Number of protein chains: 4
Amino acid sequence: MVDLTAEITIKIPFQDVDVMGIVWHGNYLRYFEEARAELMDKIDFSYFEMKASGYAWPVVEAQVKYVKPLLLQQVVLVRAKLVEYECRLKIAYELFDAESGERTTKGQTTQVAVDMQSNEMCFASPQVLLDKLGVSS
Amino acid sequence: MVDLTAEITIKIPFQDVDVMGIVWHGNYLRYFEEARAELMDKIDFSYFEMKASGYAWPVVEAQVKYVKPLLLQQVVLVRAKLVEYECRLKIAYELFDAESGERTTKGQTTQVAVDMQSNEMCFASPQVLLDKLGVSS
Amino acid sequence: MVDLTAEITIKIPFQDVDVMGIVWHGNYLRYFEEARAELMDKIDFSYFEMKASGYAWPVVEAQVKYVKPLLLQQVVLVRAKLVEYECRLKIAYELFDAESGERTTKGQTTQVAVDMQSNEMCFASPQVLLDKLGVSS
Amino acid sequence: MVDLTAEITIKIPFQDVDVMGIVWHGNYLRYFEEARAELMDKIDFSYFEMKASGYAWPVVEAQVKYVKPLLLQQVVLVRAKLVEYECRLKIAYELFDAESGERTTKGQTTQVAVDMQSNEMCFASPQVLLDKLGVSS
């Protein structure tokens, strides 16, 4: 089975920080998105491959736990890990201060496959995902 | 006790919609934020009053359940309801298609009070919030 | 000829304000976009009508002059005015403090028609736009 | 005099792309911001140094020329170059497709110094900037 973890490093940009001097909580979902894109790229199943396979994968649930605030110019490691794939695509995220290694944030997103022809939600992940992951169905 | 619900109406703008033609999931936290601002304004406890009272209220948890996708130019009612205030500020959100009344989204955010002098998290909501809400401690 | 001006009112939300307490300069293009959408809606030529007519109208130039900073919770009037339409779609924007009427911001965007079939840029605005505007070509 | 150019590389993320499949025009100011931060960091005059020196540097004008659209997952080089510093801070930006080297975008931002004590705009750049740049006044 392929590696199910990906990491990116970001440096908190000016526009993400609020008047309190910390990252506005809604911006974290962008950090998650970029780490997820890296992960999906790794398993050769990024947006264009998803689309070509005939399935959309909308996010049906997202959750963030803000343990420590992130600050302007802080360098942050964002780790995305695929934790469930059989019926839905569940990815867990962790953010760490790049210097101290301290965990600042946890989160997860859940996506389900939608057949783009019928517009129906799938109750099990389509074969194409299992193939990408190198697991048998 | 004061009214603990507020509503805003938004029309989904172009820049919030992704290449699939639906609102990118991270944008919903902005809709929540604007409904929460309306609610906090109603109880006279918006950002400036919070700051004047000596407490910051960082979001420590956020959750979104995407039931139905939102589309470009869709008119959406966003309702914020204060559901917990004793130890933390928990607000629940619901989004509805303004025309059909169908619920499209659910979510919640949790905030805790932080004493800005000591930078310590409070284990109970400070008196100022209870006063704003018109409840006795 | 139809009315070529539209106005929206916004209240500056928390997430648009930076650590200096003023709106981050990149956010103004969203305010412009929402006023432009209102204007295009007025002439019945919003995104869906554009698309149905076979033309895309990408923005090829944008400019903003920040005269006075905008502040958290400030109520702002955003006015969009169509100032050129023959060869390209040029819209001028002005922002005003809703209370004092003082102008805080100026800007403009320029869009050109692109024939979605040939993917070629048009050197004159297509007839469909002139029809929407109620002008003869 | 110090090097007045900085470059960053970005990969266009999902949330920046609109329903037409191209980057929404307002997002480019974020790319500019991140390249400018890199540049200011290089001359040791990023946000915290600016603040410590007693001056704010609000953006008073921004301009973008969109030559070619940017696409999802495209790798883009963003170059920021300081082109004027005596009376105001003027930075020019160019974006290039990282693979072909083709220029896709041009732009510029202008900032002026504001004395944070008096809240007055400065008609000449304060000595601290000239010192950082290694030029004599």
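The following dialogue discusses how to read the fold, the sheets and the chain contacts of a predicted model.

Colleague: Where should one begin with chain A, and how many helices and strands does its secondary structure contain?

Modeller: One begins with the inventory of elements. Chain A of this predicted model has three helices and eight strands. Read from the N terminus, their succession is β-α-α-β-β-β-β-β-β-β-α. The C-alpha trace of chain A extends over about 45 × 30 × 20 Å along its principal axes.

Colleague: What percentage of the residues of chain A count as buried?

Modeller: Burial is judged from the number of neighbouring C-beta atoms, with 20 or more within 10 Å as the cut-off. By that criterion, 38% of the 137 residues of chain A are buried. Sequence separation adds a second view: among contacts in chain A with a separation of 6 or more, 66% link residues 24 or more positions apart.

Colleague: Which order do the strands take in the open sheet of three strands in chain A?

Modeller: To read a sheet, one follows the pairing from strand to strand. Here the order is β2-β7-β8, and the pairing is antiparallel. Strands β2 (55–56) and β8 (120–121) of chain A each have a single partner strand and stand at the edges, so one side of each lacks a neighbour in the sheet. Between β7 (residues 114–115) and β8 of chain A there are two bridges, and A:Val114 faces A:Met121 across this pair.

Colleague: How many residues of chain B are in contact with chain A, and which element gives the most?

Modeller: An interface is read first by its contact residues, then by the elements that supply them. In this case, 18 residues of chain B contact 18 residues of chain A. On the chain B side, the elements contributing two or more residues are α1 (28–42) and β3 (59–66). Strand β3(B) gives the most, with eight residues. The chain B side comprises 11 nonpolar, three polar and four charged residues.

Colleague: How many bridges join β3 of chain A to β3(B)?

Modeller: Pairing between strands can also cross a chain boundary. Strand β3 (residues 59–66) of chain A is joined to β3(B) by five bridges, and the two strands run antiparallel. Within this pair, A:Ala62 lies opposite B:Val64.

Colleague: What turn lays chain D on chain B?

Modeller: One superposes the copies and examines the rotation and the shift. A turn of 180 degrees, with a shift of 0.0 Å along the axis, lays chain D on chain B with an RMSD of 0.0 Å. The two copies are therefore related as by a two-fold rotation axis. In chain D, the residue closest to that axis is D:Val19, at 2.0 Å (C-alpha). Both copies use the same surface, as 100% of the contact residues of chain D recur in chain B.

Notes: Residues are numbered from 1 along each chain as its sequence is written. Chains are lettered from A and ligands numbered from 1 in the order in which they are written. This is a predicted model: local features need pLDDT of at least 70, side-chain atom pairs count only at pLDDT 80 or more; totals for chains, interfaces and linings use all residues. Two residues are in contact if their C-beta atoms, placed from the backbone, lie within 7 Å. Helices (H or I, at least four residues) and strands (E, at least two) are DSSP runs, numbered from the N terminus. Ala, Val, Leu, Ile, Met, Phe, Trp, Tyr, Cys and Pro count as nonpolar, Asp, Glu, Lys and Arg as charged, and the others, Gly among them, as polar. Two strands pair if DSSP finds at least two bridges between them. A residue is buried if 20 or more other C-beta atoms lie within 10 Å of its own, exposed if 12 or fewer, and partly exposed in between; C-beta atoms are placed from the backbone. Copies are superposed by least squares on the C-alpha atoms of residues with pLDDT of at least 70 in both.
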